[in-house]
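Hi there,

Here is the structure I promised to pass on to you. Have a look at it first, and then read my notes underneath.

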Amino acid sequence: MSVDRHARSILPIPDRPSPGLTTYDAKDPDTSYPPIEPLLPPEGAPNVLVVVLDDVGFGASSAFGGPCQTPTAERLAAGGLRYNRFHTTALCAPTRQALLTGRNHHSVGMGSITETATSAPGNNSLRPNTKAPLATTLKLNGYSTAQFGKCHEVPVWQSSPMGPFDAWPSAGGGFETFYGFIGGENNQWDPALYDGTTPVEPPATAEEGYHLTEDLADHACNWIRQQKALMPDKPFFVYFAPGATHAPHHVPKEWADKYAGQFDDGWDVLRERTFARQKELGVIPEDAELTVRHDEITAWDEMPAELKPVLARQMEVYAGFLEHTDHHVGRVIDAIDDLGVLENSLVYYIIGDNGASGEGTLNGAFNEMANFNGMAALETPEFLRSKIDELGSPTSYNHYAVGWAHAMCTPYQWTKQVASHWGGTRNGTILHWPAGIEEKGGLRSQFTHVIDLAPTVLEAAGLPEPTMVNGVMQSPMEGTSMLYTFNEEGAPEQHDLQYFEMFGNRGLYYKGWSAVTKHRTPWVLVGQLPPFDDDVWELYDGSSDHSQARDLSAEHPDLLAKLQRLWIIEATKYNVLPIDDRGAERLEPGLAGRPTLIRGTSQLFFPGMGRLSENSVVSIKNKSFSVTAEIEVPEGGAEGVIIAQGGRFGGWALYLKAGRAKFVYNVLGIHEFPVEAASPVPAGTHQVRMEFAYDGGGLAKGGEATLYYDGDSAGSGRIGMTQPMVFSADETTDIGYESGTTVTPDYSAETSKFTGKISWVQIDLAQDDNDHFISPEGRLRVAMARQ
């Protein structure tokens with residue numbers, strides 16, 4: 001028996017005992033109680049599957065005219081609706097938190113990614129308890145809920161094995177099941193996975209055929225089958241968010257090889273071909289224009305001839321990666337269809353949480369972490385050519401060149417992070433719901449936004465937006481249900497006002513017009529940014545200019561001024577202010593104003609601790625430090641890791657090899673600097689210590705590493721350079737073993753376990769502060785003059 005809608009506005013639904021006769025003896029024939037009934041949503045409420053791909057531009061998928069074959073997307077579009085004016089926030093974590101709550105990203109504290117959170121309400125990465133997630137609302141109304149894949153909404157100081165877990169999907173996020181990873185990206189061949197809040201290892205290795213997307217699809221399919229087998233009357237809400245196609249672009253070679261030779265003409269020609277296909281498909285208007293490539297993006301003809309084979313292979317790998325991802329999305333769709341429940345399943349297939357990523361530098365990257373450390377120059381054209389056959393493989397951490405990202409956003413300007421222009425925020429989206437959408441293969445062009453998903457799902461399920469959740473009054477959702485578009489192609493758009501902002505790039509959409517200003521370029525990490533008031537604004541009429549190709553600011557200055565003022569009003573309303581375009585300062589918790597898990601200049605570890613994220617460990621970058629361990633060595637010597645941070649693509653480790661202490665510093669998987677003791681550690685209990693004396697004088701400098709046994713020098717050597725900003729987005733710190741990929745090939749994850757006994761390990765930082773890495777102007781000093 002359905003609970004009335006009014007009761008569902010307060011969640012959990014209050015228990016209301018039925019008055020009636022209470023007998024003294026249960027055997028009394030008048031003893032009677034109503035049967036216990038499971039909580040269910042209103043009759044006819046659909047299953048819901050939300051698929052969100054990562055870093056896919058509007059012009060990538062074949063469903064929207066792109067070169068990457070996505071037959072699953074095409075199949076769903078043929079049976080449902082394409083939306084060609086659906087928008088995201090221009091960055092991953094903000095889009096996801098907006099999607100999951102139905103609120104603007106600054107309203108839920110996610111002005112940017114968690115790693116750059118500040119203490120400002122719009123940027124603190126903390127979702128207010130007045131804005132409960134959609135999954136919580138559905139669960140408390142009788143849905144089964146599960147998430148598979150990427151979760152980038154956990155504040156970095158809450159990402160350790162000790163939580164707190166309030167922001168994790170299966171604790172405070174409303175999902176009864178979670179299998180995936182925490183953070184912005186992951187190694188597709190060797191990911192750092194969680195089952196709920198418990199760290200788990202992948203079930204197989206890359207050599208055994210493992211790939212993360214396939215694993216996520218396996219878990220999603222199995223969960224859906226089990227849910228319908230055990231609870232056939234209960235609808236499900238599944239959020240399937242693979243890490244693909246975010247860098248690293250990892251895919252089995254045969255998928256990339258399918259595209260061999262298809263991109264040899266370069267990204268400028270690719271844009272023209274994609275633009276033509278988009279018009280043929282009708283996903284852009286016939287009068288749409290192809291926007292001009294900006295000077296910040298190198299023309300294909302100007303790229304070095306010797307680099308072009310590498311560049312073409314980068315795109316082949318990416319195209320194979322997207323097709324591979326779509327294939328596994330198809331397996332999830334097939335699992336639902338095979339159960340006979342696809343008819344009443346509302347499927348959102350959002351092809352990208354922002355535009356394609358231009359974070360791979362103008363030349364692309366074999367290890368994208370080089371760029372994030374300001375060390376992209378280490379990847380010379382000669383180096384990149386030597387790695388062409390490894391792109392996409394387990395030995396790479398690759399990304400494609402900016403030119404490809406721009407082409408993947410055809411026909412629009414710019415890329416991911418650029419919230420001002422549609423290249424950063426417009427993502428092709430498909431809705432499929434045979435029971436609720438009459439037209440097959442239709443196109444919808446009303447302005448829609450990711451915050452519209454939650455109210456759409458609630459309206460489709462016949463559920464009210466809750467006014468109270470877990471005893472906390474809720475603020476209204478800020479999105480608009482898209483249900484009105486399902487069966488009325490020409491319905492006037494109801495979401496006609498929307499602000500955009502990311503790192504100072506900002507824009508406003510209002511009744512067909514857009515006023516925008518690009519403040520910073522994602523791949524330009526150095527140089528002084530202009531004052532916000534000096535930014536140049538542009539004005540576009542979307543009713544006649546689909547792609548923002550014709551700037552009308554000079555013709556309509558009064559209208560531009562009106563929309564600029566309206567942006568300020570919206571920004572004030574939704575916690576966008578103060579605008580924050582800082583870079584390196586926001587990576588430093590003390591300057592950004594966010595909490596840190598570890599304070600001070602020392603950190604103590606114990607054996608068995610592991611899977612500690614980089615934000616859970618005191619930072620040893622750009623300074624002198626020491627690592628001390630008390631170990632017990634058995635007769636015959638010991639082997640294995642004492643402590644390791646990072647992995648194959650950057651990090652350091654202190655370990656025993658052939659009984660001898662050894663310290664290795666791995667710079668981006670390009671340079672390895674080993675320092676080894678002259679003799680083995682004797683049997684018994686001893687202190688092994690490594691002291692690193694940093695050269696100072698800026699970022700990423702080298703230094704001297706010295707090993708000690710019980711205070712006596714045992715060996716020393718030179719560390720030629722270091723990583724200044726980040727080791728990895730997914731690799732961790734482990735004590736007594738190493739998970740994931742290993743810092744050095746001296747051991748494998750399987751052989752890394754320490755064969756002696758570790759009592760404790762301690763990292764100590766130098767007490768002086770002369771190696772601080774923020775300049776007086778607050779700009780990142782990445783211009784590292786390597787003579």
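Below is what I found, going from the whole chain down to a few local spots.

Please keep in mind that this is a predicted model.

Starting with the overall picture, the protein contains 16 helices and 30 strands. Its C-alpha trace spans about 85 × 80 × 50 Å along the principal axes. The radius of gyration is 27 Å, which agrees with the value near 28 Å for a compact globule of 787 residues. Of those 787 residues, 61% are buried. Sequence separation in the contacts may interest you too: taking the contacts between residues at least 6 apart in sequence, 74% join residues at least 24 apart.

Next, a helix pair. Helix 1 (residues 71-78) and helix 7 (residues 308-338) have axes that come within 7 Å and cross at roughly 45°. Because angles from 65 to 115 degrees count as roughly perpendicular and those under 35 as roughly parallel, helix 1 is oblique to helix 7. On the helix 1 side, the contact is made by Pro71, Thr72, Ala73, Arg75 and Leu76. Helix 7 contributes Asp326, His327, Val329, Gly330, Ile333 and Asp334. By character, the residues of this contact divide into 5 nonpolar, 3 polar and 3 charged.

Then there is helix 2, which covers residues 92-101. Is it buried or exposed? The helix is mostly covered, with 10 of its 10 residues buried. The buried set includes charged and polar names as well as nonpolar ones: Arg96, Gln97, Thr95 and Thr101 are in it, and so are Cys92, Ala93, Pro94, Ala98, Leu99 and Leu100. Just after helix 2 comes Gly102, which takes a positive phi of about 75°.

Finally, a small piece of sheet. Three strands form an open sheet in the order 1-14-15, and the pairing is mixed. Strand 1 (10-11) and strand 15 (472-473) are the edge strands, and each pairs on one side only. Strand 1 is joined to strand 14 (residues 468-469) by 2 bridges, and these two strands run parallel. Within that pairing, Ile10 has Met468 of strand 14 as its bridge partner. As general background, strands of a sheet pair through backbone hydrogen bonds, either parallel or antiparallel.

That is everything for this handover. Happy browsing, and do write back with any questions!

Best wishes

Key:
Residues are numbered from 1 along each chain as its sequence is written. This is a predicted model: local features need pLDDT of at least 70, side-chain atom pairs count only at pLDDT 80 or more; totals for chains, interfaces and linings use all residues. Side-chain values use heavy atoms; hydrogens and water are left out. Buried means under 20% relative accessible area, exposed over 50%, partly exposed in between (1.4 Å probe, protein chains only). Helices (H or I, at least four residues) and strands (E, at least two) are DSSP runs, numbered from the N terminus. Two strands pair if DSSP finds at least two bridges between them. Axes are lines fitted to C-alpha atoms, for helices over the stretch in contact, and angles run from 0 to 180 degrees between N-to-C directions. Angles under 35 degrees count as roughly parallel, over 145 as roughly antiparallel, 65 to 115 as roughly perpendicular and the rest as oblique. Contact means heavy atoms within 4.5 Å. The radius of gyration is taken over C-alpha atoms; the globule rule is 2.2 Å times the number of residues to the power 0.38.
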